[in-house]
Each structure stands twice: as C-alpha cells, then as structure tokens.
Amino acid sequence: MAVSIRGRLMAVISAVLVAGFLSTNIISYQISTAALKETILRNELPLTSSNIYAEIQADLLEPLFVSSLMAHDTFVRTWLENGEMPQSHIVSYLAEIRKRYSVFTAFLISDRTKNYYHFSGVPQVVDEADPEDVWFFRMRGLDKPYEINLDFNQAQSNTPTVFINYRMTDAGGKFLALTGVGLELEGLTRILSHYADDERRNIYFVDQGGRVTVRAGRHAAENERLQDISGLARLAPKLLSSNSGYYDYVRDGEPMLATARLIPELGWYVLVEQREADAMRDLQRGFWVNSLIGVVIVLLTVGLIFYAVAFYQRRLEEMATTDKLTGLVNRQVFDDALEAAVKKYRRSVDRFSLILIDIDHFKNVNDTYGHLMGDKVLRQISDLVRHVMRDSDIVCRWGGEEIIVLAHNCPQDDAATRAEDLLKAIESAVIETDHGRLVVTVSAGVTQGRPDDTADTLLLRADAALYRAKDTGRNRVCIAD
C-alpha cells in the first residue's frame, strides 16, 4: 500500500515538474520566436539589403566617375566639334577607358550623327523609330546629368548589362552626346549570391513594374514577374508602391519573412527573403536541447526525491518496527506475526513454536560493569540468537533482557534443539570487559502452538517454561507441559 501511494506521489510530482518546465520552456520559446521574428524583419533582413545597397553603390561609384570623366573630357568635346573624325581616335579612346577602368563596355552616341561608337570598332546608328534605341532619345531631354539602367548590350551578344549613361553638353548647355560605361550583370548577381549563400536567403532585384531583373545565383527567368511568384503575388502591389517595407507570408505552406527597399540609383527594389524555419532553426534546436536537458534534470530530481522518500520511509519503518538497541523487531511487529500464525494454524495446521529466552543474572552485569556493558551484552546475545535461528524465524526483543522467537514450520522438539544450540553458542561466546572476560548464559522456555491456542495462552506457557528453567538452575531449556 505504501509503495502504491509512493508511486502515485512520484508520478504526480513528475507530471507537475515536467508540465511546469515544458510550459515555461514553451512560453519562453514563443516569446523568443516573436522577438527573433521582429529582429529579423526589422534589423537582420534590412541590414542585408543595406549591405547589398552599399556594395552596389561602391561598385557603381567608379563607373559613374568614369562616365562623368568621359562627358567632361575636352578631347571628346573637341573631337565631336571637329566632325567626329577620324573615328579611329574615339574607338581607341573607348578601348583605353575600358581597359584602364576594367569596365565591361564603353561607348559614345553622337547627337549630331546619331552614330553609336563602341570600343570594338565599327559604329552603329541609333534610330528613334527603333524600340531598342528609345532610351537614347529620352536621355536627350533628361533634366538630371546621368541615369543608371539595366539593358541588354546589343554590341556584345545581348549580355545583360548595367549602364551608367552621362549627358555631354557644350558650354551653352546644348546636348552633344551621350557617354557611358557598362557593368556586366554577373557582378550584381555575385553580390546577391554571396549574401544568399551565407545566410540561406533568396534575394531578388525587381524593377518598378514588378519584373525580376536579377535573382540570387542565376539570371532571372525570361519575363519572370513578382506578381507570378507564389506568396509574393498578393504583396506585389503594396511592395511596388512604397520605398521600403516588412512582410511575412506563406509560400506552399511554408512561412516566409521578407523586406524590400528601393535602390534609387537603379530604380530597382532589392527584396531579401528567408524561410522562417531557417531563421528559427538555431532557436528551435536550442528549444529541443533545453527541453531534453530539462526533462533529464526533472527525471534526476524525481529520482533523487524518490530515493530520499524511500530512504526516509525505510528509516521510519525501521524505527516503527525495530528495537533501537538490538536491531531486533519490536513487540508490535511480533504481536501481529503471532496473531497471524495462530489464525493460520487454525486453518492449515501449520505448526510453529515459541522460544522465550532470558539472560541469566543480567542485573548483576549491569550492577558490576555498568549499563553500557549491559547494553553490549544484550546486543551480542541478540546477534547470536539471530545467527543461530533461521531467516524465516522472527526474533523479537520482548522486554528488558528477554528475547522471544517465533519459529515457523517448526515442531516443539526441533525448537527445543535449536534452543539448546543457542545456549551452547552463548555460553561459549566470550565478552571482553575492562575487568577481563565475561561469560554469560541464558535460560529458555519452549512451547508449541495448539488448535485451541490464543496468543495469550501461548505466551503464558512459554513464560511458565522459562521460569521453570530458571528455577531448576538456569542455563537450560524447558519445554512447556
């Protein structure tokens, strides 16, 4: 019964500790998840787009300077004013610009002749009726001195190129030509791929019409649009109508986080996107590790509690059932065992006997050697009784210097034989004292259970047999009549 109660108690304690720990851990995880999500949206993803923006600005700074340098170069202005002859001079000039500043392309378009001069040599002619050349005629009336745009370089195998176009004017402000350099789109792609690979993120460049111009790790698919990308289609109008923003959405059942900002120099948006699961991976790993550690700690705690409860329960049981001085069972335990033996005998005639033992002249031991020596004698005699009797026998300190044994499955004659063996063992045992060796003897009374017995009648017979042993000279065994 006690074990069952203890088991239920431990189960309740375990459940409370585990539930409490997991509840705390889950709440902490949810708070941390919300905080981390906010940090990613407000700080980390914008920081990535800011870094990309800074790198692009750095990459565009030198080409912008080179394009401006060409537009203000007196050699170029003089060459234009002299009728653009010889053409080889401008071709050489453009080739030198390309080589010196490591740009992908260098070009000049004359407003007078509409000739498109390229570092590679043979000039072409731009035509206002050609849709591919509309950008030049638009630049003629532009208010600002330069423009950056993405286009396909027809002079170099239609390679996607970022162009920096600069207006060239005379002293009176009249438009003379358009100079410019180009950067291969692969350079921007490498910038995006660097951040995408390092942070497990998707990065897009999107023009203001929603067309994806560059995507991390590859060129954008032909005619790929933001409005056609799963999860982003719903957000496209909002994203394309503001300079920056934070977004969370679902793509194919997967929660996503994203930020977008406009890069004015390009007229593009940089969109940085990340799976929420990737962003939360370390936090989730920490949650499971903490949960595992917590459960282990809870189990260890419960184990220690169980051990402590079991230990103190055993101690309490020992204190409630054991004689403190001798370590033998006490009278309460013995009385219960005797009552059970009497009842069992009535049902199944399971024979048993009682052996009542008393130390001879024990008072003289206390008076002569002191009570400490008396306690020592009593403990040694108790150990000898326990040693001689069987494990199934119940040995009890009956009171004072008396010890009683309940011998199960033991007829009276066998009990008397055991008692005789005990007397010999005690008599031959030598107890050391400060005044020399002490020899102690005991007397014993033996009786067997009978069908009409009660516990009291058995004890009375055993006691009578013990007194007869004492009256007839001590150090002997007497069997009850």
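Okay, before anything else, one term: when I say a helix touches a strand, contact means heavy atoms within 4.5 Å. And keep in mind that this is a predicted model.

Let's start with the sheet. It's an open one with 5 strands, in the order β14-β15-β13-β18-β19, and the pairing is mixed. At the edges you'll find β14 (394-399) and β19 (477-479); each has a single partner strand, so one side of each is left without a neighbour in the sheet. On average, neighbouring strands here are turned by 20° against each other, if you ignore direction.

Look inside that sheet for a moment. Strands β13 (residues 352-359) and β18 (residues 442-448) run antiparallel, with 7 bridges joining them. If you want a spot to click on, serine 353 has glutamine 448 of β18 standing opposite.

Now, which helix packs on the sheet, touching β13, β14 and β15? That's α9, residues 331-348, and its direction makes about 125° with that of β14. Then there's helix α13, residues 455-471, which lies across β13, β14, β15, β18 and β19 and runs at about 145° to β18.

While we're here, find arginine 331. Its charged end sits over the ring of tryptophan 398, 3.7 Å from the ring's centre.

Okay, on to a hairpin. Strand β7 (residues 202-207) pairs with β8 (residues 212-215) in the antiparallel sense, over 3 bridges. Tyrosine 204 has arginine 215 in β8 as its bridge partner. Between the two strands there are 4 residues, and in this hairpin glycine 210 takes a positive phi near 100°.

Last stop, the aromatics. How many aromatic pairs are there? The count comes to 11. Take tryptophan 135 and phenylalanine 136: that pair is edge-to-face, 6.5 Å centre to centre, with 85° between the planes. Are those two buried or exposed? Both tryptophan 135 and phenylalanine 136 are buried.

Phenylalanine 136 also pairs with phenylalanine 175. Their ring centres are 6.1 Å apart and the planes are at 50°, so we call that pair tilted. What I like is that this pair links distant parts of the chain: phenylalanine 136 is in helix α4 (residues 134-140), phenylalanine 175 is in strand β6 (residues 175-184), and they're 39 residues apart. Phenylalanine 136 has 0% relative accessibility, and phenylalanine 175, at 9%, is buried too.

Zoom out and you get one aromatic cluster, made of Phe107, Tyr116, Trp135, Phe136, Phe137, Phe163 and Phe175. That's my tour, thanks!

Note on methods
Residues numbered from 1 in each chain as written. Predicted model: local features only at pLDDT ≥ 70, side-chain atom pairs only at ≥ 80, totals over all residues. Heavy atoms only, no water. Phe/Tyr/Trp six-rings, centres within 6.5 Å; stacked < 30°, edge-to-face > 60°. Buried < 20%, exposed > 50% of the residue type's maximum accessible area, 1.4 Å probe, protein only. Lys NZ or Arg CZ within 6 Å of the ring centre and 35° of its normal. Pairing = 2+ DSSP bridges. Axes fitted to C-alpha atoms, helices over the stretch in contact; angles between N-to-C directions.
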